[in-house]
Amino acid sequence: MPASPSTARAINDRLALRLLQQEGPLTAGQLKQLTGLSRPTVADLVERLGAAGLIAVVGEAGEQRRGPNAKVYGIVADRAHLAALDVRTEGVAVAVADLVGRVLAEASVPIGGDTGTGPAVEQAVTLVERVAKEAGADRLHTVGIGAPGLIDPSSGELRDSTGLPEWHRRFVATLQERLPEARVSVENETNLAALAEQRDGAARDRDTFVLLWLGHGTGAAVVLDGALRRGASGGTGEIGFLPVPGTATLPTSTDCEGGFHSLAAAAAVVDLAVECGLTVAPGQEPSVVGVVRAAAAVVREAVGRAPGVALPGQRDQVPEVAAGAPPSGNPGPAARFLDALADRIAVGVASVVAILDPGCVVLGGEVGQAGGADLAARVQGRIARMTPLPTEVRATTLGGGAVLRGALLTARDRAQEELFAPGERLPQPSPGW
């Protein structure tokens with residue numbers, strides 16, 4: 001059936017706004033060219049969007065014709081302010097941005113494990129309010145939160161999880177109470193990191209891939225045909241619970257010790273480095289943050305000291321080492337450590353590949369970023385020997401900052417979805433995110 005006039009207007013408005021988001025400020029003539037709409041239709045939508053306070057004249061552009069310069073239109077960036085939060089076990093990071101996603105202010109605060117639930121919640125909420133004030137935001141339109149743990153797919157709420165602090169769940173509810181006009185949503189941190197890697201990072205050319213998070217803990221996000229797969233209970237990607245060889249016990253329903261977590265989480269990486277004869281600089285404090293930093297530092301140092309690894313077809317670039325194999329002779333402690341770490345990571349990657357055949361696995365998180373292309377190449381060489389399914393292993397380009405970036409992208413999408421439909425609201429296809 002043909003679209004009604006109001007539906008057609010909403011479609012045209014949204015198309016123009018998306019182009020202004022992607023391309024930046026444009027003239028009416030450029031909008032006409034990019035949309036394929038007629039000049040009168042473009043003139044109408046420009047007037048309509050201007051009256052709705054969504055676009056405004058931001059300058060003039062000279063054109064190759066006589067007459068006055070053409071007006072340049074852009075999205076009114078301060079039409080709405082957004083907040084993105086990365087909630088970790090021992091702290092919170094916050095960024096506040098405008099409607100086009102430009103970050104205006106950001107900050108973080110550590111929250112110690114001995115902090116009570118009430119004080120921890122107050123610290124986190126106060127941080128959000130302070131950063132919003134620094135950004136000049138009178139109110140927040142949308143807040144996107146990335147947090148560890150399971151998200152209930154039916155309610156969208158953070159589920160109670162053993163091992164995570166109580167203040168996490170209390171914080172989300174308290175923030176909504178303190179910001180009654182804001183649209184607050186929470187998503188698993190690894191899922192948000194995958195969104196960021198797909199939009200701005202290592203998986204920009206992939207609509208099917210798996211992000212393997214290597215940080216304080218381990219996790220995975222599964223993207224198939226452009227859609228994030230959360231599972232029946234929201235637990236897709238809880239790879240830390242995967243039973244694997246090389247551990248002393250099996251994981252339980254309440255504890256991932258004995259699973260893949262015990263092989264590849266930050267504490268396990270530090271222990272492995274010590275076993276291989278490397279010196280691990282202790283963190284400034286015996287905390288989660290300190291362990292993650294120590295793990296990333298020792299991996300980064302090992303990559304700098306060990307001979308590089310070549311992928312098939314690239315041996316001429318790094319002649320010292322064949323694909324996925326240790327260097328000739330007796331490898332030093334740095335190479336032994338990276339080989340042993342790649343062995344461990346490959347166990348988890350091979351399990352994912354055998355079930356999902358994603359074609360691409362991104363090593364994310366702080367450890368994945370520290371290992372870079374060298375660690376990714378070592379893992380890929382092992383996967384090539386373990387499975388017949390072609391799999392490219394890539395290193396994150398966003399590292400630990402991927403969660404905050406993903407939360408901001410999600411908040412921006414949700415705010416624009418509401419604000420960019422000033423007319424009739426359109427039925428939305430499922431975007432997967």
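Colleague: What covers the buried residues of α4?

Modeller: This is a predicted model, so keep that in mind throughout. The buried set of α4 is Ala120, Val121, Ala124, Val125, Leu127, Val128, Val131 and Ala132. What packs over these residues includes β4 (81–88), β5 (91–98), β6 (103–110) and α5 (167–178).

Colleague: Why are the buried residues of α4 on the same side of the helix?

Modeller: In general, an α-helix has 3.6 residues a turn, so positions three or four places apart point the same way. In α4 the buried residues include Ala120, Val121, Ala124, Val125 and Val128. They share a side of α4 because they cover an arc of only 145 degrees around the axis.

Colleague: How far does α4 reach from its first C-alpha to its last?

Modeller: Helix α4 runs over residues 117–134, which is 18 residues. At 1.5 Å a residue the expected reach is 26 Å, and the model comes close to that. From first C-alpha to last, α4 reaches 26 Å.

Colleague: And just after α4, which residue takes a positive phi?

Modeller: Look right past the end of α4 for a phi of about 80 degrees. The residue with that positive value is Gly136.

Colleague: Moving on, is α6 roughly parallel or roughly perpendicular to α12?

Modeller: Helix α6 covers residues 189–200 and helix α12 covers residues 402–419, with their axes 7 Å apart. The packing angle is about 80 degrees. Since 65 to 115 degrees is the range for that class, α6 is roughly perpendicular to α12.

Colleague: How many charged residues are in the contact of α6 with α12?

Modeller: On the α6 side, the residues that meet α12 include Glu189, Glu197, Arg199 and Asp200. On the α12 side, Arg405, Arg412 and Asp413 are among them. By class, the contact has eight nonpolar residues, two polar and, as for charged ones, seven.

Colleague: Asp200 caught my eye there; is Asp200 buried, partly exposed or exposed?

Modeller: Asp200 lies in helix α6. Beyond its neighbours within four places in sequence, Asp200 is in contact with Thr397, Leu398, Arg405 and Leu409. Its relative accessibility is 30%, so Asp200 counts as partly exposed.

Colleague: How far apart in space are Asp200 and Arg405?

Modeller: In sequence, 205 residues separate the two. They are nevertheless in contact. C-alpha to C-alpha, Asp200 and Arg405 are apart by 8.9 Å.

Colleague: Where does Asp225, with its positive phi, lie?

Modeller: Most residues other than glycine have a negative phi. Asp225 has a phi near 55 degrees, and Asp225 is exposed, with a relative accessible area of 63%. Its place is the loop between β10 (218–224) and β11 (227–228).

Colleague: What about Asp357: is Asp357 buried or partly exposed?

Modeller: Asp357 also has a positive phi, near 50 degrees. Its loop runs between α10 (333–356) and β12 (360–364). With a relative accessibility of 42%, Asp357 counts as partly exposed.

Colleague: Which helices do the buried residues of α8 pack against?

Modeller: Helix α8 spans residues 266–275, and its buried residues are Ala266, Ala268, Val269, Val270, Leu272 and Ala273. After α8 comes Gly277, with a positive phi near 95 degrees. The buried residues of α8 pack against α7 (261–264), α9 (288–305) and α10.

Colleague: Last one: what share of the protein chain counts as buried?

Modeller: The secondary structure of the chain comes to twelve helices and 13 strands. Of its 433 residues, the share that counts as buried is 52%.

Technical notes
Residues numbered from 1 in each chain as written. Predicted model: local features only at pLDDT ≥ 70, side-chain atom pairs only at ≥ 80, totals over all residues. Heavy atoms only, no water. Helix = DSSP H or I, 4+ residues; strand = E, 2+ residues; numbered from the N terminus. Expected span 1.5 Å × (residues − 1). Buried < 20%, exposed > 50% of the residue type's maximum accessible area, 1.4 Å probe, protein only. Arc of directions from axis to C-beta. Contact = heavy atoms within 4.5 Å. Axes fitted to C-alpha atoms, helices over the stretch in contact; angles between N-to-C directions. Parallel < 35°, antiparallel > 145°, perpendicular 65-115°, else oblique. Nonpolar A, V, L, I, M, F, W, Y, C, P; charged D, E, K, R; others polar.
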